[in-house]
Amino acid sequence: MAELTALESLIEMGFPRGRAEKALALTGNQGIEAAMDWLMEHEDDPDVDEPLETPLSHILGREPTPSEQVGPEGSGSAAGESKPVLTEEERQEQTKRMLELVAQKQREREEREEREALEREKQRRRQGQELSAARQKLQEDEIRRAAEERRREKAEELAARQRVREKIERDKAERAQKYGGTVGSRSSPPATDPGPVPSSPRQEPPTKREYDQCRIQVRLPDGTSLTQTFRAREQLAAVRLYVELHRGEEPGQDQDPVQLLSGFPRRAFSEADMERPLQELGLVPSAVLIVAKKCPS
């Protein structure tokens, strides 16, 4: 049975002649299967139908056939002598085999694309899971840092209160020791004296202890806090200036004026209070102030 050439077989299978010639040329004329593979892979290329600049015979490495040298008018006798004529049954059988081969190549290509799509989907899901895990870890770290900051602030506040209580207890003990020693040094009246018991002499009030320094903790509106030690005779304006310099706003931005409040007892300090010393305002030896934005008048 005579066989069709690779070019004729591709044309019989429905491929355009120019595209079939290009496929054979670019695959080195290695056969119809190589040409079909090229056609299947490049069928969506925008330049798949553009003709080759180099003649087909030069790419294939052979001399042009008489049918390629002679135009359409003079190719009848040469083609009749060199090209075997196929019967209709042989042509149909040849076409059937080529179509089966094309269908097989198409199935293989679809399976390959399906595997690639599945792999891309797996990779996308894996990346999504990794991103979600990283985001969750970041949130957990932020929550943990915030909790640690709250615990630290609470511990500092408790420590400050404990130090104040210890100072008060020491002052009480000193006053009690001084008061007891004064009473014990006085002679008691004789036991045989039936007269009225004389009242104890009036004791001088204990001298109030003077503090040189004052520890101020300032709570900012964003929840953070500042702690600084000031001299007891410094004015409250020094605390406000320290807050305005350290409240963490971006340089160059207009900063709103702040107002200082005390929690216990509840009190809002006025501009006149800014000129008064901390000792006079009752903020010694330690105090907690709250910062609020002053409403523009």
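Accessible areas here come from the Shrake-Rupley method with a 1.4 Å probe. By that method the protein chain of this predicted model has an accessible surface of about 21,900 Å². Carbon and sulfur atoms hold 50% of that surface.

**Whole chain**

Start with the full protein chain, coloured by secondary structure. There are 8 helices and 5 strands to find. Followed along the sequence, the elements run α-α-α-α-α-α-α-β-β-α-β-β-β.

Next, colour by relative accessibility. Of the 297 residues in the protein chain, 23% are buried. For a contact map, consider the contacts with a separation of 6 or more: residues 24 or more positions apart account for 59% of them.

**The sheet**

Select β1 (213–219), β2 (225–231), β3 (258–262) and β5 (286–293), then add β4 (267–268). Together these 5 strands form an open sheet with mixed pairing, in the order β2-β1-β5-β3-β4. Which strands are at the edges? They are β2 and β4, each of which pairs on one side only.

Strands of a sheet pair through backbone hydrogen bonds, in either a parallel or an antiparallel sense. Now zoom in on β1 and β5, which pair in the parallel sense over 5 bridges. To locate one bridge, pick R215 and its partner in β5, S286.

**The helix on the sheet**

Keep the sheet displayed and add helix α8, residues 236–246. Helix α8 packs on the sheet and touches β1, β2, β3 and β5. Its direction makes about 145 degrees with that of β2.

Show side chains for L236, V239, R240, Y242 and V243, which are buried residues of α8. Why do they line one face of the helix? Looking down the axis of α8, the buried residues fall within an arc of 160 degrees, so they line one face. The cover over these buried residues includes β1, β2, β3 and β5.

**Annotated serines**

Finally, select S199, S200 and S270, which UniProt lists under "modified residue: Phosphoserine". Of these, follow S270 back to the sheet: S270 sits in the loop between β4 and β5. Is S270 buried, exposed or partly exposed? Partly exposed covers the range between the buried limit, under 20% relative accessible area, and the exposed limit, over 50%. The relative accessibility of S270 is 35%, so S270 counts as partly exposed.

Note on methods: Residues are numbered from 1 along each chain as its sequence is written. This is a predicted model: local features need pLDDT of at least 70, side-chain atom pairs count only at pLDDT 80 or more; totals for chains, interfaces and linings use all residues. Side-chain values use heavy atoms; hydrogens and water are left out. Helices (H or I, at least four residues) and strands (E, at least two) are DSSP runs, numbered from the N terminus. Buried means under 20% relative accessible area, exposed over 50%, partly exposed in between (1.4 Å probe, protein chains only). Contact means heavy atoms within 4.5 Å. The arc is that of the directions from the helix axis to the C-beta atoms. UniProt positions are given in the numbering used here, feature names are shortened, and annotations may be inferred rather than shown by experiment. Two strands pair if DSSP finds at least two bridges between them. Axes are lines fitted to C-alpha atoms, for helices over the stretch in contact, and angles run from 0 to 180 degrees between N-to-C directions.
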